[in-house]
Amino acid sequence: MTTDRYNSREAEPRWRKVWDAQGIFATRNDDPRPKYYVLEMFPYPSGRIHMGHVRNYTMGDVVARYKRAMGFNVLHPMGWDAFGMPAENAAMAQKVHPKAWTYDNIAAMKKQLQSMGLSLDWAREFATCDPSYYKHQQKMFLDFLKAGLVERKQSKVNWDPVDQTVLANEQVIDGRGWRSGALVEQRELTQWFFRISDCAQDLLEEIDRLERWPDKVRTMQRNWIGRSEGLLVRFALDPKTAPNGETELEIFTTRHDTLFGAKFMALSPDHPLSLAAAKKNPKLAAFIAECKKIGTAQEAIEKAEKLGFDTGIRAIHPFDPDWRLPVYVANFILMDYGTGAIFGCPAHDQRDLDFVNKYRLGNVPVVCPPGQDPKTFVITDVAFDGDGTMINSRFLDGMTIDEAKEEVARRLENTFVPFDGRPYLSPPAGRGRPPEQSEGGQVRGSSRDSEPAETPPHPDPLPASGEREANRPVGRRQVNFRLRDWGISRQRYWGCPIPVIHCETCGVVPVPDKDLPVTLPDDIDFDKPGNPLDRHPAWKHVACPQCGKAARRETDTMDTFVDSSWYFARFTDPWRTDTPTDRAMVDAWLPVDQYIGGIEHAILHLLYSRFFTRAMMKTGHIGMKEPFAGLFTQGMVVHETYRRPGGEWVIPAEVRIETIGDQRRATLAATGEPIEIGGIEKMSKSKKNTVDPDDIIESFGTDTARWFMLSDSPPDRDVIWTEEGVQGAWRFVQRLWRLVGETAEIGKAAPAARPAAFGADALAVRKAAHKALARVSEDIEKLRFNRCIAHIYECANAMSGAIGDIDAPARVTPDLAFAMKEAADILVRLFAPMMPHLAEECWAALGHQTLVSLQPWPKLEESLLVEDTVTLPVQVNGKKRADVTVARDAANADIEAAVLTLDAVKRALDGKAPKKVIVVPHRIVNVVA
RNA sequence: GCGGACGUGGCGGAAUGGUAGACGCAAGGGACUUAAAAUCCCUUGGGAGCAAUCCCGUGAGGGUUCGAGUCCCUCCGUCCGCACCA
C-alpha cells in the first residue's frame, strides 16, 4: 500500500489536533467506570523542559494510555510548582517581575509538553502561584493552626547579613552565603512550624503498608524519621558545684545498660546549664563562642575535632551517691536531640572514646564480647558496640545487653529521689514524646506564642510544683525521633503569604476567611537586599481583625514544599472555589494509584505530602492519610561529556563522533579540532552535556524520543542518551510503518470471518502476536517498559519473518492473511501507549475508521500460549547435553525413558546407569550420573 | 562510621533456583546500487576442532542443592542515602 517514509513532522501535529478536537483526554468526575489516578511529579516552570521531563512524562503517559485501554476512568492531570527562588533570582538579574517570568515560562513549557502528545487533561491545569490555588492553602494553614498542627517557635537559621535573608543549608558553602559570599551567622528567629514530629510514629508505622513503594524510599524515610527507644535519666548535681545551685541534669540515652561504664557527662554548648555556667566563667564563655563559629556547614561538622571544657560541675551517679562524674560542655552534643545532654561511656561509644582519650579520663569496659576473657579485655582506640555479656557492672554482671537495659530501666523507673527543686531541664516540647502524650486540639500558635519574644526556647511541659517533681522517677522510658518539626517560614516574596496578622494587643490573629486570599502585592522592587514584602510601604500595614487597631501582616511566606504537598488532591476538583477539596471527589480519586518522579524527592516532598494529607484528614478536607498508593522513582538521563583539550566543555550537538574499528574519536564538527570524550554524567548545563528535547522532536518526532527514553535501560536506572540509540529508535519507527503497510496489503486477502483452521505459518504468527500481548501487558503493569519494548521488537521480527517467507503472492492463503491482519491490529495497539501518533497513523493505514487511542486493549487468546509439545533441555549432572521434545502431558516415566535413549546422554553416562533422573514438568530433565 | 543497592559479551541490558547472554546498539561479511544513503540476509562471550562435538565463562573465594547469575557466608569494587541523633 505504501512504501513512503513516515513523516512524523507532518503526522504528529495532525493527530494531536484530532485528539484535541474530540477532547478525548478530558476526564469526567461522574464517569461510572473504576478510577485510576496516574500522576507524574509536576514541574517547576524553569522555562524549558529537559530530557528528564521527557522520560518522566512518557512513563506516566504509557500507564495512562494503557489503563484507559483497560477500561479505567483515568485521571492524568498536569500543573506547575510555580513559587520559589529562581523567579526572584531572575527578577534581580534581569529586572523582570517574578510573576511575569513565571507565567511566561509556564506558557513556553506547556507548548513543549503539548508537543509530546501526552494524554493529559489540561482542563485541570493550575499553577501553585495562582491566588485561586493558594487561597485554599491559606485556609488550610488556618485550619491546621486551629487544630494544633501549627506552632510558632524560635529556631536557629543560617542568616546572610548582606542579602538579609535566611539560607537553606545547601545554600551555605564553606560558611558563606552562596550569592553574597558573606560569612553566614546563626540567628534565632521566631518561625512557623508544622508539627510533623507529632506524626512521627504514625508516619513510620504506615511505611510498612506502602507496599507499592520502592524499598529504597521506604528505608530512606524510616532512617529519616529515626526512631530510637531509650531512657531519660535524671542525674542529681552536687549543688555546691553548680553555678546557681542547680540540683539535677536530665539526659537521654539508648545505652542505659552501660551506666556503670560512665566516665563523664556532656552538655551541648547551647544547653541552659552551659549558658548559666558560662556567665560565671569567661573561659567557658569563650569556648562556647568558639563552638558556635563552626556553624552548620556540613563539612566543618564532619571534620571538627571533639572538644570539651570542664565546667567544674559534678553529677552524681544514679546507682551510687558517692560516684561523681565531671560535667563537660562538648562541641559534638546536639541541643535539639534528646535533652541536649548525655552521659559518656567511652568503652562502648566511639565518640565518647575519642573524647576521653583526648582529656585522659580513662575507660572501663562493661560489655564483654563473646569469647573474650573479661579479666584481660581492654579498650584502647576502638570502642566496642557489639553484643556481649555485662561485666564490671555490679548487679548487672552476667546479663545480656537487653536484660541489663530492662533491669536498669525497671530500677530507675521505681526510684524516687527527693530532689529539692525543679529539674534543670526537661525534654523540649514537640519532640521526644510518644505521640499519645501530645495534647491535641489546643490552639498552640495563637494562645501561647502571642508574644514571640518571650517564648522560651524549650517550654517545660511538666508541672512546676515541687511536690509533683519529687514524685517523678529518676528514669523514664522514652521514644525519640530524629525527625524535626517542619519549619515553613521563608523571608521571601515569591511564595504563599502566611495568613496571619500581628497585633500589639491581641497577639497573633488569623486573617478572617472572608479576607482570603492574602495576595502578594505586584508593586515590588528587588533593588535592595531583604524581603520585598517587609519593606513594601503599605502592604503589611493592616487593621487588627479583632480590635481594629493598627497591626502588621506576617511578611514571611511559606516553604514551596507546602505548595506541592496537596496539589494532587486539588486536581480532583480544581474548579471548586469555596473549599480546597470536594470531599466526595477527593475521596473517590485518591489515593494516587501510580505516582512517578525522581528519587531526589524520596524524603522531603513525599514525607511532607504524607504529613499534609494527615493534617487535611484531621481538619476534614480528605478522608484518608496516605496520598500515594503506588510510587515509582525513575532514573536520570545521562550523557557523555566532551571538552576541548584546553578544558572547556562542548555541547554534543557541536561534536562529530567517528568510529574506526573499536575506537571512537571525537572532533569539533565545525573545525575538525580534536575533542576529548569524557565520562557519562547527569545532563547539566555546567557540563554542557544536554540534549534539547525540542531539537530531537523537530528532527525525529516525539514518538522516537519517547520510544528511546523507554527502550534502553530499566526505568528505575539511569538511561544513557546516545545518538546511536535515537537513530535506532528512528529506524524502528520507519520499520513499523513499512511493516504495517505490507501487512495491510496482505490483509486485503483476509476473509471477513475468522477461518476455521490455521496453517503452520499462520499459527506461528498468531502465537507470536499473542505471546507479545501477554508479556507487554504484564510488563506495563509492572512498569518494566524496557522489556515491553523487547517484546514488541520480537513480535515485529516474527511478522517480518513471516512476510519474508512469502516468496509468491499465491502463497498468501486466507488463513495467513487473516493472521497477519490480526497480528498487525494487536501490534499497533501494543505500541500505541509508547508511540501514540505513529500508532494512529498505522491504525488508519490498517483500514480502521476509529482512533487507536480510544480502542480497548487487545483480547488475549490464552490457548495460543499453550504448546502441544514441549522441548525440554536435558542435563547430565547439571550440564546441558541435549534437548528432548515430548508431548505436553507426557508422563515423567516416558520422558525419562526417552532421555536415556539420547546419544548425548549415553555418551555422557559412558555406559553407567544413572543414579537418579529428575524431571521437572515443562521445565527441564536432569540425569544424575 | 551506619544503612541500602548493584557487579553478566565491545556497550545498554534479558533470565518464577531449571537451556546464561532475550531484545537493542556497535562491529564484521554479503546482497541491491554507477556510487552512497536507506533496506534486506548472515556472523558475533572466550578457547580447541575440518566437523559432530568438547572445555571454560555471570567481580573473587567458600557453602547449600540433582541443578546457583539467582539462595547463604567471607572478601573486593562501584554507586546512592544518612551522618557527632547519644
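# A walk through the protein–RNA model

The residues that line the largest cavity split into eight nonpolar, two polar and three charged. That is a handy place to start in this model, which is a predicted one. The volume of the largest cavity comes to about 120 Å³. Of its 13 lining residues, Arg65, Ala69, Ala832, Val852 and Ser853 sit closest to the centre. Helix H2, residues 51-69, gives the largest share of this lining, with three residues. If you're counting enclosed spaces, there are two cavities of 30 Å³ or more.

Now for a space that opens outward. The second largest pocket holds about 570 Å³, and 25 residues line it. Nearest to the centre of this pocket you'll find Asp534, Arg552, Glu554, Thr555 and Asp556. Here the lining breaks down into eight nonpolar, ten polar and seven charged residues. Several elements supply at least two lining residues each, and they come from separate stretches of the chain: strand E3 (150-160) and strand E7 (185-194), then strand E19 (500-503), strand E20 (507-510), helix H15 (532-535) and strand E22 (550-553). E7 gives the largest share, four residues.

Two of those pocket elements also frame a backbone oddity. As background, most peptide bonds are trans, and most residues other than glycine have a negative phi. In the loop between E20 and H15 sits Pro517, and the peptide bond leading into Pro517 from Leu516 is cis, with omega near 0°. There's another cis bond further along, from Leu590 to Pro591, again with omega near 0°. Pro591 belongs to the loop that links helix H18 (583-589) to strand E24 (594-598). For an unusual phi, look at Lys95: its phi is positive, about 60°, even though Lys95 is not a glycine. You'll find Lys95 in the loop between helix H3 (85-94) and helix H4 (98-114).

On to the RNA. Strand B is surrounded by 50 residues, and the closest are Thr254, Lys306, Arg351, Arg787 and Asn926. Which parts of the RNA come within 4 Å of the protein? Sugar and phosphate make up 65% of the atoms of RNA strand B that do so. By class, the protein surface near RNA strand B has 20 charged, 18 nonpolar and twelve polar residues. The largest share of that surface, six residues, comes from helix H24, which spans residues 785-805. Arg787, one of the closest residues to the RNA, falls within the 785-805 range of H24.

A few polar side-chain contacts are worth zooming in on. In Glu794, a polar side-chain atom is 2.7 Å from a sugar or linking oxygen of RNA strand B. Arg738 also faces a sugar or linking oxygen of the RNA, with an N or O atom of its side chain at 3.4 Å. Arg881 goes for the phosphate instead: a polar atom of its side chain is 3.1 Å from a phosphate oxygen of RNA strand B.

Arg881 takes us to a sheet, as its number falls in strand E32 (879-887), an edge strand. This open sheet has four strands in the order E32-E31-E34-E33, with mixed pairing. At the other edge is strand E33 (916-920), and both edge strands pair on one side only. From one strand to the next, the twist averages 20°.

What makes the pairing mixed becomes clear around E34. Strand E31 (residues 869-876) runs parallel to E34, and three bridges join the two. In that pairing, Val876 stands opposite Val927 of E34. E33, by contrast, runs antiparallel to strand E34 (residues 924-928), with five bridges between them. Here Ile918 stands opposite Asn926, while Val919 is across from Val925. Asn926 may ring a bell, since it was listed among the residues closest to RNA strand B. E33 and E34 form a hairpin with three residues between the strands, and within the hairpin His922 takes a positive phi near 65°.

Note on methods. Residues numbered from 1 in each chain as written. Chains lettered and ligands numbered in written order. Predicted model: local features only at pLDDT ≥ 70, side-chain atom pairs only at ≥ 80, totals over all residues. Heavy atoms only, no water. 1 Å grid on protein atoms, 1.4 Å probe; cavity = no way out; pocket = protein on both sides within 12 Å on 5 of 7 lines; lining within 4 Å. Points joined across faces, edges and corners; volume = space filled by probe spheres on them. Nonpolar A, V, L, I, M, F, W, Y, C, P; charged D, E, K, R; others polar. Near = heavy atom within 4 Å. Polar contact = N/O pair within 3.5 Å; in protein donor to acceptor, adjacent residues only side chain to side chain. Pairing = 2+ DSSP bridges. Axes fitted to C-alpha atoms, helices over the stretch in contact; angles between N-to-C directions.
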